Amino acid sequence: MNKKMVRLSAFALFIAMNAFAQEQEVKLDEVVISDSKFALPKEKSGKVIVKITAEELAKKSGQSLANVLSTVAGLEVNGNQSSAGKNLGYYLRGGRNRQTLILIDGIPVTDASGINLEYDLRLIPVEQVESIEVMKGAASTLYGTGAATGVINITLKKAGKKAISGNAYMSMGTQATADKVKYNPQDFNQGFVLNGNIEKFNYFASLNSTETKGISEAAVPQSSTYEEDRFSRVNSLVKFGFKPTTKLTLDFFANYDKVKSDFDGTFDNFSNPDTSLNESTSEQFRFGFSPKYKYNKGEFVLNSSFNTIERNYNTFNSWANAVEVSDYKSKSVNVDVFNKYSFNKQFFVVTGSQFQFHEMNSETPYDAITNETAKFNTIDPYLTAVYNSDFGLNINAGARYNMHSIYDTHFVYNVNPSYSFSKIPLKVLTSYSTAYITPSLYQLYSPYGNLDLTPEENSTVEAGFEVELLNKKFTFNAVAFHREEKNSIGFYTDPITWTSNYVNIEGKNDAKGIETMISYSFSTKIKVNGNYTFTQVEQPLSRLIPKHKGNVSLDYQATTRTFFNVNYQYVDKRNDAFFDGGTFATTPVLLDSYQLVNVTAKYELIKNRMTVFGAVTNILNEEFVESVGYSTRGRNFKIGLNILF
């Protein structure tokens, strides 16, 4: 550990010792929804679900959604430290994007035009987010395809209790790499929110925009100067609710999101990457309707959404000396109808049926796919039973029957018992769950498509414990997991005929690991959180997966209006691969480990009206690599304010 880190650790310890004697904190019971689709006290859940609350998000001012998620135990978000336009890879328990399901307000979201069915988290500004739950482990029983390594459930903000309220915010910051320092503002983010509640009606509206430049997406050699790659994003969200009776609630939403970014060398693959001609645009439009009806024994819910995503790429081909245009369009419909019926205070059953429809079309210089043929639908009935005894035993078990218009059927299930001891503050848990990932439209209908593909299969077994001491001021949990994936879909080229297509790969690959989290509240003023993840995967799964990863965060509420945060992150060495576009050779690369220290300070300048913040990221200006060939951010500064009205 270097001298800077020693001084920083000593300073953190000094703060902790001086704050220890302050007034003690009492934690309120927390509820989670991801493991049953309905609110459940966290202590009765058989999963260690990471919940990032609105209060915790407010302490992370200036961070992106990817930055926030990268601190979760078991989750590596590759690209969160690169240029703003860099594609994100979220690797949960050694998995890939396709194996992690993204939910927005409980509704699955995906881009059906991609090679895999996955979602681009760059489309969501963190300013629209109310809370996040990360539930790890196979979860297809409740959520269907894609929930193989876990679920990231993002809850967007909603109307407040006043007739009219809102806020306006803005921030600006630098964008510099460790070796090319420039501290003029290059990163701008601004927006406003208007919401209210008038008798039986409620409304919420927000508008956000982001503009960033300053660094090149491709890593810049010392002797070169590359052009700055710009990133811009516009987001609008509207929600409207009507509650005609105390039992019935009708909610509507619509949102429009657009991301435009420059990117670097596709064809030369970073042997000569810099170009000002590469540009991508991604537009999303979503709307939906969600009625809820409560009755004496339970609740009936219908979640529905329709979304379109259009992606356009202008890519310079140095071999042809021309800009080539590629267009991708997708449409998706999701309808999930489910009902909770409580037989008594200890036992309830969730029954439901989910319908999904996806179609796509694309036109590129190399192939074309039409939506007349490239489409499929699924209908999945499912059931989950939850038993919470009065003596500590909790059981969550369920099953889903997937009916697909192409490959017929698939069956998944889960069993998740846990036990909370009454004499000691200890909960033990275990689970076994299975999951599936449907082939994408591209894998089925592209020129390399294969209509005989069947779903990838995943299964996870896990066991762990959670202990809470000192009136819940101290919490520690640990979970060990073993995940198996088989029948995965890969790209195969016949060595004799040179024909290529997607196939189901025989055999299986394993991932295993341990996730631990610790939290201690010294007082109402100071709190320390930490987590450590050990992940071991077989060679085919090892790209960009750190074996060891840890996070430590110190919160210090100096006064009622002044807040400080210091966080530290360590990311271990990772395997990567470099493909040379000139020689067509792939070279394995071992990326060095790195560590980051970030500091945030907030001050309530006008009580209940205006808050300002300042942040310094990568304060030690460490030079590191997230992905081979791509740049990463060095020491950067950001300031901002939030005005309530």
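## Cavities

For the lining classes used here, Ala, Val, Leu, Ile, Met, Phe, Trp, Tyr, Cys and Pro count as nonpolar, Asp, Glu, Lys and Arg as charged, and the others, Gly among them, as polar. Keep in mind that this is a predicted model.

With those classes in hand, take the second largest cavity: its lining splits into 5 nonpolar, 8 polar and 2 charged residues. The volume comes to about 160 Å³, and of the 15 lining residues, D35, K47, A138, N396 and N414 lie nearest the centre. Helix 4 (140-143), strand 22 (408-420) and strand 23 (426-437) are the elements that give two or more residues to this lining.

## The largest one

Searching the whole structure turns up 9 cavities of 30 Å³ or more, and the largest has a volume of about 230 Å³. There are 23 residues lining the largest cavity, and L101, P108, V109, T110 and T145 are the closest to its centre. Five strands give two or more residues to that lining: strand 6 (100-104), strand 7 (107-109), strand 16 (298-317), strand 17 (322-342) and strand 18 (347-363). By class, the largest cavity is lined by 10 nonpolar, 11 polar and 2 charged residues.

## Aromatic pairs

On to the rings. The structure holds 22 aromatic pairs. One of them joins F38 and F338, an edge-to-face pair at 5.7 Å centre to centre with 75° between the planes. This pair links distant parts of the chain, 300 residues apart: F38 sits in the loop between strand 1 (31-32) and strand 2 (40-41), while F338 belongs to strand 17. Both F38 and F338 are buried.

Then there's Y594 with F624: the ring centres are 4.2 Å apart and the planes are at 20°, so this pair counts as stacked. Y594 is in strand 34 (residues 594-606) and F624 is in the loop between strand 35 (610-617) and strand 36 (636-644), so the pair ties together parts that are 30 residues apart in sequence. As for burial, Y594 is buried and F624 is too.

## A ring cluster and two charges over rings

Ring pairs also build a cluster, made up of F201, F240, F242, F252 and F289.

Which charged residue sits over the ring of F348? That's K340, with its charged end 4.5 Å from the ring centre. Y91 has a charged partner as well: R96 lies over the face of Y91, at 4.7 Å from the ring centre.

Definitions and conventions
Residues are numbered from 1 along each chain as its sequence is written. This is a predicted model: local features need pLDDT of at least 70, side-chain atom pairs count only at pLDDT 80 or more; totals for chains, interfaces and linings use all residues. Side-chain values use heavy atoms; hydrogens and water are left out. On a 1 Å grid over the protein atoms alone, a cavity is a set of points where a 1.4 Å probe fits but cannot get out, and a pocket is an open set with protein on both sides within 12 Å along at least five of seven lines; lining residues have an atom within 4 Å of a point. Grid points are joined across faces, edges and corners, and a volume is the space filled by probe spheres set on the points. Helices (H or I, at least four residues) and strands (E, at least two) are DSSP runs, numbered from the N terminus. Rings of Phe, Tyr and Trp (its six-membered ring) pair if their centres lie within 6.5 Å; planes under 30 degrees apart count as stacked, over 60 as edge-to-face and the rest as tilted. Buried means under 20% relative accessible area, exposed over 50%, partly exposed in between (1.4 Å probe, protein chains only). A charge sits over a ring if NZ of Lys or CZ of Arg is within 6 Å of the ring centre and within 35 degrees of the ring normal.
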